[in-house]
Amino acid sequence: MNYSIKTLNSISARGLSKLPESYEVGPHVDNADAWLVRSANLHSVEIPDSVLAISRAGAGTNTIPVNQLSGRGVVVFNTPGSNANAVKELVLAGILLGARNILPAAAFARQLTGDDNEINAAVEAGKKQFVGWELPGRTLGVIGLGEVGVQVANAAEALGMKVLGYDPAITIRHAWQLSSHVTRAASIDEVFRRADVLTVHVPLIEATQGLVNAERLALMKQRALVLNFSRAGIVDSPAMVAALESGSIRGYVCDFPSAELLNRPKVVALPHLGASTVEAEENSAAMAVNELRDFLENGNISNS
Ligand code: MLT
């Protein structure tokens with residue numbers, strides 16, 4: 001069958017290899033039957049009438065005008081879970097970075113000068129400021145128990161953390177996957193009150209915009225750590241900056257640099273790397289491609 005797919009981002013070649021050779025695929029395909037995207041923002045992009053479906057190699061769909069496209073009969077697919085392990089691993093790294101002050105400590109060590117005796121003397125004098133926390137016994141609050149949240153909760157529990165999860169809309173499948181040692185909070189505010197480390201794993205929709213706001217940050221323990229590997233808009237940035245400046249929040253580790261957050265010693269802002277592993281890129285692309293194929297060739301709709 002001769003279907004055509006326009007790619008709007010660089011998509012894993014191994015993922016694309018799931019398409020038959022008869023398909024025309026690439027960034028310059030005109031009048032494509034479908035689009036394959038990763039992080040391209042389609043909100044102000046004109047999508048031609050030839051396009052029957054758009055598949056996103058990723059979980060979030062906030063970059064795609066889903067309602068508008070659905071109104072036109074264009075099917076939108078995503079790939080939930082395809083990159084969850086990659087995100088989980090980076091979240092665990094983020095917890096350790098924050099708990100052990102790894103980045104400021106490395107920056108301190110990088111600027112040392114002199115011979116080894118002078119360096120050792122500076123290390124002894126300076127290391128006290130980087131005393132960290134150990135994880136066993138600390139409480140991790142996980143808001144959102146979907147594909148990523150469940151994996152983060154279970155992994156943190158295995159590291160000895162007490163885990164408090166919250167998701168009013170948890171699916172039966174995710175509830176089954178969740179370790180029985182993870183406690184479920186009765187309210188979102190309970191998670192803010194009890195967490196030493198808080199991580200958010202919810203999609204960016206109207207209800208979650210600014211979910212981590214000044215009122216909720218004020219509920220948190222002194223010197224708690226906050227992580228956001230979901231979407232920038234879930235955390236109210238000015239409120240976070242104020243909490244960091246007042247010293248009430250120990251640090252903010254996120255996957256989204258912004259002008260407001262750059263050059264702040266208590267902020268680690270990565271360049272949207274959560275899903276950037278060879279394995280996750282391949283899984284997401286393969287899933288996105290398979291969804292499109294099944295739709296174009298058989299009319300089946302999954303994960304739309
Ligand atoms: C996701 O929504 O799963 C990620 O944003 C995917 C990506 O980084 O491309």
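**Exercise 1. Domains**

Into which domains is the protein chain divided? Describe the contact between domain 1 and domain 2.

Solution. The structure is a predicted model.

- Step 1. Domain 1 covers 4–80 + 278–298, and domain 2 covers 84–269.
- Step 2. Taken over C-alpha atoms, the centres of domain 1 and domain 2 are separated by 32 Å.
- Step 3. Six residues from domain 1 and five residues from domain 2 make up the contact.
- Step 4. On the side of domain 1 that touches domain 2, three residues are nonpolar, two are polar and one is charged.

**Exercise 2. The chain as a whole**

State the secondary structure content, the span of the C-alpha trace, the share of buried residues and the share of contacts that join residues at least 24 apart.

Solution.

- Step 1. The protein chain holds eleven helices and twelve strands.
- Step 2. The C-alpha trace measures about 70 × 50 × 35 Å along its principal axes.
- Step 3. Of the 304 residues, 39% are buried.
- Step 4. Take the contacts between residues at least 6 apart in sequence: 62% of them join residues at least 24 apart.

**Exercise 3. Helix 3 and the nonpolar cores**

Compare the reach of helix 3 with its expected span, then find which residues have the most contacts inside the largest nonpolar core.

Solution.

- Step 1. Helix 3 runs over residues 84–99 and has 16 residues. From its first C-alpha to its last the helix reaches 22 Å, close to the 22 Å expected at 1.5 Å a residue.
- Step 2. Buried residues in helix 3 include Ala-84, Val-87, Leu-90, Val-91, Ile-95 and Leu-97. Lys-88 is also buried in this helix.
- Step 3. Asn-101 follows helix 3 and has a positive phi, near 55°.
- Step 4. The largest nonpolar core has 50 residues, and those with the most contacts inside it are Ala-153, Ala-195 and Leu-227. Helix 3 gives the largest share of this core, seven residues.
- Step 5. With neighbours within four places in sequence left aside, the contacts of Ala-153 are Val-142, Leu-145, Val-163, Gly-165, Leu-178, Ser-179 and Val-182.
- Step 6. A second, separate core has 23 residues, among them Leu-42, Ile-54, Leu-292 and Phe-295.

**Exercise 4. The shell around the ligand**

List the residues around the ligand and sort the shell by class.

Solution.

- Step 1. The ligand is surrounded by Arg-38, Ser-39, Gly-58, Ala-59, Gly-60, Asn-83, His-272, Gly-274 and Ala-275.
- Step 2. The shell has two nonpolar, six polar and one charged residues.
- Step 3. His-272, one of the residues around the ligand, sits in the loop between strand 12 (267–269) and helix 11.

**Exercise 5. Positive phi**

What is the phi of His-272, and what is that of Arg-223? Why does Arg-223 count as exposed, and why does His-272 count as partly exposed?

Solution.

- Step 1. Most residues other than glycine have a negative phi.
- Step 2. His-272 is not a glycine, yet its phi is positive, about 50°. Arg-223 is likewise not a glycine and has a positive phi of about 70°.
- Step 3. Arg-223 lies in the loop between helix 9 (214–219) and strand 10 (224–228).
- Step 4. A residue is exposed with 12 or fewer other C-beta atoms within 10 Å, and buried with 20 or more. Arg-223 has 12 C-beta neighbours inside 10 Å and therefore counts as exposed.
- Step 5. His-272 has 15 C-beta neighbours inside 10 Å, so it counts as partly exposed.

**Exercise 6. Helix 11 and the segment after it**

Give the reach of helix 11, then place Ile-301 and name the residues that it touches.

Solution.

- Step 1. Helix 11 (residues 278–298) has 21 residues and reaches 29 Å from its first C-alpha to its last, close to the expected 30 Å.
- Step 2. Gly-299 comes just after helix 11 and takes a positive phi of about 75°.
- Step 3. Ile-301 is in the segment after helix 11. Ile-301 counts as partly exposed because it has 13 C-beta neighbours inside 10 Å.
- Step 4. Not counting residues up to four places away in sequence, Ile-301 touches Val-75 and Phe-295. Phe-295 is included in the second core, while Val-75 lies in strand 5 (residues 75–77).
- Step 5. Val-75 has 18 C-beta neighbours inside 10 Å and so counts as partly exposed.
- Step 6. Ile-301 and Val-76 are 225 residues apart in sequence, and their C-alpha atoms are 9.2 Å apart in space.

Definitions and conventions
Residues are numbered from 1 along each chain as its sequence is written. This is a predicted model: local features need pLDDT of at least 70, side-chain atom pairs count only at pLDDT 80 or more; totals for chains, interfaces and linings use all residues. A residue is near a molecule or strand if its C-beta atom, placed from the backbone, lies within 6 Å of it. Ala, Val, Leu, Ile, Met, Phe, Trp, Tyr, Cys and Pro count as nonpolar, Asp, Glu, Lys and Arg as charged, and the others, Gly among them, as polar. Helices (H or I, at least four residues) and strands (E, at least two) are DSSP runs, numbered from the N terminus. Two residues are in contact if their C-beta atoms, placed from the backbone, lie within 7 Å. Domain bounds come from an automatic or database domain assignment. The expected span of a helix is 1.5 Å times one less than its number of residues. A nonpolar core is a set of buried Ala, Val, Leu, Ile, Met, Phe, Trp, Tyr and Cys residues joined through C-beta atoms within 7 Å.
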